[in-house]
Amino acid sequence: MPIVNVIGAGLAGSEAAWQIAQTGVDVNLYEMRPVTMTPAHHTANFAELVCTNSLRANQITNAVGLLKEEMRRLDSIIIQSADATAVPAGGALAVDREPFSQLVTQKLMAHPRVHVIHEELTDFPEGVTVVATGPLTAPGLADAIVALNGEAGLSFFDAAAPILDASTIDTDIVYKKSRYDRGEAAYLNCPMNREEFQAFYQALISAEVAEGHDFEKMTVFEGCMPIEVMAKRGIKTMLFGPLKPVGLEDPRTGKTPYAVVQLRQDNAAASLYNIVGFQTHLKWGEQKRVFRMIPGLENVQIVRYGVMHRNTFMKSPAVLEPTYASKRRADLFFAGQMTGVEGYVESAASGLIAGTNAARLAQNLPPLVFPETTAMGAMAHYITHTSPTHFQPMNANFGIMPPLAVKVRQKKERNQQLAERALTDLAAFKNELSRVNQP
Ligand code: FAD
């Protein structure tokens with residue numbers, strides 16, 4: 001009987017293992033937690049969300065929403081589990097983080113084809129293998145990846161936002177509302193007038209950052225930039241970013257505040273909220289001092305402080321095929337954040353492709369390239385065809401898909417048509433997959 005190894009049971013590895021097992025192929029799933037922990041994970045659960053509990057937009061007119069819909073149609077364990085543990089989040093798919101990762105863990109543990117081994121691997125095993133050890137890959141295996149790929153390894157830093165105890169938020173000051181009243185009112189909004197904003201801005205740019213890294217010289221994701229770094233770009237920058245007040249008028253006054261800090265529900269019980277866009281590297285005491293200047297948070301209890309972490313990814317355009325197979329070893333696949341896809345859903349999607357192809361190889365079938373017109377295929381194409389010299393991680397977006405045959409000016413209509421084309425092409429590809437999947 002064929003068997004495939006999957007290393008890492010995070011977002012990508014869990015998805016890869018599920019896809020392999022569902023084709024009837026046995027999987028050895030190696031996960032080092034809880035024996036060895038990473039600096040960002042807190043539990044032994046599979047698919048633990050290390051920062052926000054949001055899997056971002058859910059509509060197909062948004063590329064990450066389309067990505068989710070494609071995955072739903074391909075029996076994704078990550079999306080099934082997210083749908084089953086969703087919490088209100090306007091137009092986004094956010095989850096109750098503990099039940100979400102518990103559900104993924106239970107489903108995999110209960111699968112007769114999945115064999116879980118709690119062990120840290122320091123080298124690649126023999127045979128068909130998917131490496132999905134994430135941005136915090138343990139050092140031994142990171143060395144093995146560098147040895148395989150030569151100089152094609154990079155590392156940089158990433159940041160996580162603080163989580164607040166909801167019972168300590170002043171509900172006389174904050175108000176519940178989603179931007180432009182989209183979906184159910186899901187966010188708590190902390191309104192600021194000009195003076196409050198300016199005082200907050202001054203405190204933020206002069207607050208002390210944690211020691212250990214020369215922060216200004218670090219390369220960080222644009223999408224996960226620490227709030228203090230964003231603030232230092234100019235007094236107005238936050239007003240066009242996370243503190244943007246448009247569509248968030250205060251229902252009690254009917255007026256739009258000068259700035260708004262948004263809090264997003266973090267668990268189903270609504271007992272925890274995170275501060276949207278407030279990834280930070282400030283010292284913990286400074287986080288408490290500065291974030292308590294936000295109206296409504298004067299007495300807030302921070303239950304988990306924002307932190308900075310190492311993040312490692314490969315120079316995929318030089319070392320990976322669009323099937324997610326290594327160019328150096330045909331039976332070795334990589335998946336997740338380490339391939340240069342950025343985000344929870346993107347990581348899981350790459351695991352879906354790598355898992356599908358690893359299972360095919362184990363059954364003596366050739367790996368397949370997913371259609372570039374799908375969000376999943378466009379990501380795989382992008383990370384393997386862009387310039388290796390300035391390669392940076394990439395989120396799902398419509399800009400990396402081939403344009404429509406006929407130009408459509410209006411953005412929403414264009415996105416709708418791109419999404420419809422993707423789902424049509426995916427349906428045809430799925431038929432092809434199930435036809436040739438018979439060994
Ligand atoms: P992971 O989910 O980290 O899974 C890798 C797994 O491999 C882990 O379980 C780990 O224990 C295991 N492992 C590592 N080395 C070994 C080994 N040698 N042997 C066996 N097991 C091993 N993305 C977002 O979309 N939103 C966010 O808010 C966000 N915030 C982030 C914050 C931080 C601090 C970091 C580091 C990343 C963040 N990301 C975020 C980026 C990324 O989407 C997540 O890291 C995501 O979890 C990546 O999925 P993955 O499967 O590649 O890795």
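Helices here are DSSP runs of H or I with at least four residues, strands are E runs of at least two, and both are numbered from the N terminus. Residues are numbered from 1 along each chain as its sequence is written, and side-chain values use heavy atoms, with hydrogens and water left out. The model is predicted, so to speak of local features takes pLDDT of at least 70, side-chain atom pairs count only at pLDDT 80 or more, and totals for chains, interfaces and linings use all residues.

**Exercise 1. Find Ser347, say whether it is buried or exposed, and list what it touches.**

Step 1: look in helix H10, where Ser347 is found.

Step 2: check its cover. Buried means under 20% relative accessible area, exposed means over 50%, and partly exposed is in between (1.4 Å probe, protein chains only). Ser347 has 6%, so Ser347 is buried.

Step 3: look for a polar partner. A polar contact is a pair of N or O atoms within 3.5 Å; within protein, one must be able to donate a hydrogen and the other to accept it, and residues adjacent in sequence count only if both atoms are side-chain atoms. A polar side-chain atom of Ser347 sits 2.7 Å from the backbone oxygen of Gly343.

Step 4: list the contacts (heavy atoms within 4.5 Å). Leaving aside neighbours within four places in sequence, Ser347 is in contact with Leu11, Ala12, Gly336, Gln337 and Val341.

**Exercise 2. Do the same job for Ser326.**

Step 1: go to the loop between helix H9 (316-319) and strand S16 (332-334), which holds Ser326.

Step 2: read off the accessibility. At 4% relative accessible area, Ser326 is buried.

Step 3: follow the side chain of Ser326, which reaches the backbone nitrogen of Arg328 at 2.9 Å.

Step 4: collect the contacts. Not counting residues up to four places away in sequence, Ser326 touches Leu148, Val319, Leu320, Leu332 and Phe334.

**Exercise 3. Describe the shell around the ligand.**

Step 1: count the residues near the ligand, meaning those with a heavy atom within 4 Å of it. There are 31 of them, and the closest are Glu31, Arg33, Thr52, Gln337 and Tyr344.

Step 2: sort the shell. Ala, Val, Leu, Ile, Met, Phe, Trp, Tyr, Cys and Pro count as nonpolar, Asp, Glu, Lys and Arg as charged, and the others, Gly among them, as polar. That splits the shell into 13 nonpolar, 13 polar and 5 charged residues.

Step 3: see which helices take part. Helix H1 (11-22) and helix H10 (344-362) each give at least two residues to the shell.

Step 4: pick out backbone polar contacts. A polar backbone atom of Tyr344 is 2.8 Å from a ligand oxygen, one of Met32 is 3.3 Å from a ligand nitrogen, and a backbone N or O atom of Thr52 is 3.4 Å from a ligand oxygen.

Step 5: work out the cover. Alone, the ligand exposes 970 Å², and the protein buries 97% of that; these areas come from the Shrake-Rupley method with a 1.4 Å probe, and for residues only the protein chains shown count as cover.

**Exercise 4. Which parts does the salt bridge between Arg113 and Asp26 tie together?**

Step 1: apply the rule, which wants a side-chain nitrogen of Lys or Arg within 4 Å of a carboxyl oxygen of Asp or Glu. The count comes to 13 salt bridges.

Step 2: take this pair. Arg113 and Asp26 form a salt bridge, with the closest N and O atoms 2.8 Å apart. Arg113 lies in the loop between helix H4 (97-110) and strand S6 (114-118), and Asp26 in strand S2 (residues 26-31), so the pair ties together parts 87 residues apart in sequence.

Step 3: compare the cover. Arg113 is partly exposed at 31%, whereas Asp26 is buried at 14%.

**Exercise 5. Which residues are linked in a salt-bridge network with Arg72?**

Step 1: start from Arg72 and Asp83, whose side chains meet at 2.8 Å, N to O. Arg72 lies in helix H2 (residues 63-73) and Asp83 in helix H3 (residues 77-84), so the pair joins parts 11 residues apart in sequence.

Step 2: extend the network, which links Glu69, Arg72, Arg73 and Asp83.

**Exercise 6. Where is the cis peptide bond with Pro34?**

Step 1: find the bond from Arg33 to Pro34, which is cis, with omega near 0 degrees.

Step 2: place Pro34 in the loop between S2 and strand S3 (54-57).

Conventions
A residue is near a molecule or strand if one of its heavy atoms lies within 4 Å of it.
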